[in-house]
Amino acid sequence: MIGSSAGGVSTLSALISKLPADLPAAIFVVMHFPEGATSVLPQILGRAGALKAKHATDGEEPNIGVVYVAPPGFHMILQKSAIRLAPGPKENAHRPSIDPLFRSAAHSRGRRVISVILSGLLDDGTLGSMAVRRLGGLTLAQEPSEASFADMPRNAIEAGGIQRVLSLDEIADTLTQLSGKAVDESSNSEPPDPVEMSLEELSGLESRGRPSAFVCPECQGTLFELDEEGVMHYRCRVGHSYLAESLSSSQENVMEAALWTAARAIEEHNDLLTGMLERAERHGFSKSAKAYRSKLNLGLDRLEILRRALQVTRNAKEPET
């Protein structure tokens, strides 16, 4: 199970290129893509190495020697006998998200799972890695200093879900050495993943938490604070889920949208005031013209403040490598 985000295309290509054609394992990849995007990642990975790569399809049985890529707009869930594609609620503002793949694999395959966190921003994959470790699988993360974007591996490491921190070459060697080796399997239960749960089942999750002071950036519903795998995260009534950094990033997007909305409202109000001022001046209504000019100047001052705030917001969103 491999999860990646920013910087992931080149990193995934490099990793897949180091794996042998006769690798006795199936590879499952989640990379963050915009929902409406066209993903050509399978073609890229298929050219990069000797393994066949394809988008997963709902209900198919996985085969060894194949790289399965989650298509945009669907969570990839691994069950005991098949792959499921679930158009469920976003997790950490993404669909596909890494956590549902890792969680479902941990519950369905237990000790047979190796999870890998590669380059990416924010904290998707942290809870999933902890589930894999708890249920007996092996959890790996790319050395943050080697990653193009260190957030994802660093957050998973700091949360305690990662057993080995390795270079890309060492990850490839580990996957090659361990794939196909026999493991003692326990009979893990296979509960439905939260992205596939009904609203009634989701209410059972929220009952284990407490209402927070925050609302869901996606649907504006109350976010419940939950302790899962020893990590605090947030989930709303319909299933949108966030770790702290992903919630912060989504809130920043909401704030930026609010600033643009306010700027647009002020621009429109200033246009109206300009017309009113011109009419007052044409008719010699000096008192009205003075009041309109004062309001217009106030609007221009407010607009300048918002423009500076938006510039600060844009600068703050520039990713650090």
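Reader: Before we get to the cysteines, what counts as buried here?
Author: Buried means under 20% relative accessible area. Keep in mind that this is a predicted model.

Reader: OK, so is Cys236 buried or exposed?
Author: Cysteine 236 has a relative accessible area of 3%, so that residue is buried.

Reader: And how many disulfides are there?
Author: Zero in this structure. Cysteine 236 is in no disulfide, and the nearest cysteine sulfur, that of cysteine 219, is 3.8 Å away. A disulfide needs the two sulfur atoms within 2.5 Å.

Reader: What about Cys216, which cysteine sulfur is nearest there?
Author: That of cysteine 219, at 3.7 Å, and cysteine 216 is in no disulfide. Cysteine 216 counts as buried because its relative accessibility is 0%.

Reader: Switching topic: where is Phe102?
Author: Phenylalanine 102 sits in helix α3, which covers residues 98-109. With a relative accessible area of 0%, phenylalanine 102 is buried.

Reader: What does Phe102 touch, leaving out residues up to four places away in sequence?
Author: Its contacts include Met1, Ile2, Gly3, Ser115, Val116 and Ile117, as well as Gly128, Ser129 and Val132.

Reader: Those last three, which helix are they in?
Author: Gly128, Ser129 and Val132 are in α4, and they are buried there. Helix α4 runs over residues 126-134 and is mostly covered, with seven of its nine residues buried.

Reader: Which other α4 residues are buried?
Author: Thr126, Leu127, Met130 and Ala131.

Reader: What comes just after α4?
Author: Glycine 136, with a positive phi of about 100 degrees.

Reader: Last one: how many Å apart are Phe102 and Ala289?
Author: 65 Å from C-alpha to C-alpha, with their positions 187 residues apart in sequence numbering.

Note on methods: Residues are numbered from 1 along each chain as its sequence is written. This is a predicted model: local features need pLDDT of at least 70, side-chain atom pairs count only at pLDDT 80 or more; totals for chains, interfaces and linings use all residues. Side-chain values use heavy atoms; hydrogens and water are left out. Buried means under 20% relative accessible area, exposed over 50%, partly exposed in between (1.4 Å probe, protein chains only). Helices (H or I, at least four residues) and strands (E, at least two) are DSSP runs, numbered from the N terminus. Contact means heavy atoms within 4.5 Å.
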